[in-house]
Amino acid sequence: MKIIQSVIEEAEEGDKLLITFPDLYSFYTVCSWLNQNFGDFFWILWTDAAVERINHLGKKYDFPKHGEAVLIASEKDCFPLKILEKLKIEEINRLKSFLPENRLILSFGMNFLLFYGIDTSKAIESLIEIDRGILINAVIGKIPEGLAAFHDVQIDIIKSEDSFIAYHNYVAKLTFSMKGGVTIVSDSLEMR
């Protein structure tokens, strides 16, 4: 987790980090570690699918326990979090008014928009406008087209080929960083 920790410690207000994950388990492990070390996130959850995944983590792993959230294109309730607002995709321009300063903001589920037939361009446009907090855009699976270009740092969490059922080995790869040019660095994350 040293790469992720270093990147967040060096990040400044308004920086945008993209972290990709191969599965929900790695997302949970990294985000719960971040939450323990850097405090409760402010959450942006995109669609009912993202809300369902966070509700699932809340029931199964008791994470997240606290935090505030804005839900976008979602009708569901997210029981572990205090919901400040539910926005329709047409109201996305209001998102910025809810965001705190000097705090980690976790955007999760943007890639789920396509499952619902919602174009990601408005969502990407809203993230470009964020200038408060440190934004972590977490994506499980495929990155929506055009999203990576609007981030200062990209870290890819990659599952090792030699993982076993009860033991998972992941590698965190710093794919690029605007502060240090193009860099490839890796860090092993061993999770049980």
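**View 1. Helix α3 and what it tucks away.** The buried residues here are Thr47, Asp48, Ala49, Ala50, Val51, Ile54, Asn55, Leu57 and Gly58, all belonging to α3. Keep in mind that you're looking at a predicted model. What hides these residues? Their cover includes α2, β2 (42-46), β3 (68-72) and β5 (104-108). You can also check the helix with a ruler: at 1.5 Å a residue, the 15 residues of α3 (residues 47-61) should span 21 Å, and the end C-alpha atoms are indeed 21 Å apart, so the two agree.

**View 2. Two residues with a positive phi.** Let's start with Thr47, which sits in helix α3. Its phi is near 80 degrees, a positive value in a residue other than glycine. Thr47 counts as buried because its relative accessibility is 0%. Now hop to Asp62, which follows α3 and lies in the loop between α3 and β3. Asp62 isn't a glycine either, yet its phi is positive, near 60 degrees. Is Asp62 buried or exposed? Somewhere in between: with a relative accessible area of 45%, Asp62 is partly exposed.

**View 3. A cis peptide bond in the loop.** Stay in the loop between α3 and β3, and you'll find Pro64 there. The peptide bond that runs from Phe63 to Pro64 is cis, and its omega is near 0 degrees.

**View 4. Strand β2, covered on both faces.** Five of the five residues in β2 are buried. Phe42, Ile44 and Trp46 take one side, while Trp43 and Leu45 take the other. Which strands does β2 pair with? It pairs with β3 in the parallel sense over five bridges, and Trp43 has Ala69 of β3 as its bridge partner. β2 also pairs with β5 in the parallel sense, over four bridges, with Phe42 standing opposite Ile105. Put β2, α3 and β3 together and you get a right-handed β-α-β unit.

**View 5. Trp43 and the nonpolar cores.** The largest nonpolar core has 44 residues, and those touching the most other members are Phe27, Trp43, Leu45 and Ile155. Helix α2 (residues 24-38) chips in the most to this core, with eight residues. Apart from it lies another core of 22 residues, including Ile44, Val70, Leu135 and Leu147. What does Trp43 touch, leaving aside residues up to four places away in sequence? Among its contacts are Phe27, Ile54, Phe63, Pro64, Leu81 and Leu106.

Terms used. Residues are numbered from 1 along each chain as its sequence is written. This is a predicted model: local features need pLDDT of at least 70, side-chain atom pairs count only at pLDDT 80 or more; totals for chains, interfaces and linings use all residues. Side-chain values use heavy atoms; hydrogens and water are left out. A nonpolar core is a set of buried Ala, Val, Leu, Ile, Met, Phe, Trp, Tyr and Cys residues joined through side-chain atoms within 4.5 Å. Buried means under 20% relative accessible area, exposed over 50%, partly exposed in between (1.4 Å probe, protein chains only). Contact means heavy atoms within 4.5 Å. The expected span of a helix is 1.5 Å times one less than its number of residues. Two strands pair if DSSP finds at least two bridges between them. A crossover is right-handed if, with the strands pointing away from the viewer, the path from the first strand over the helix to the second runs clockwise.
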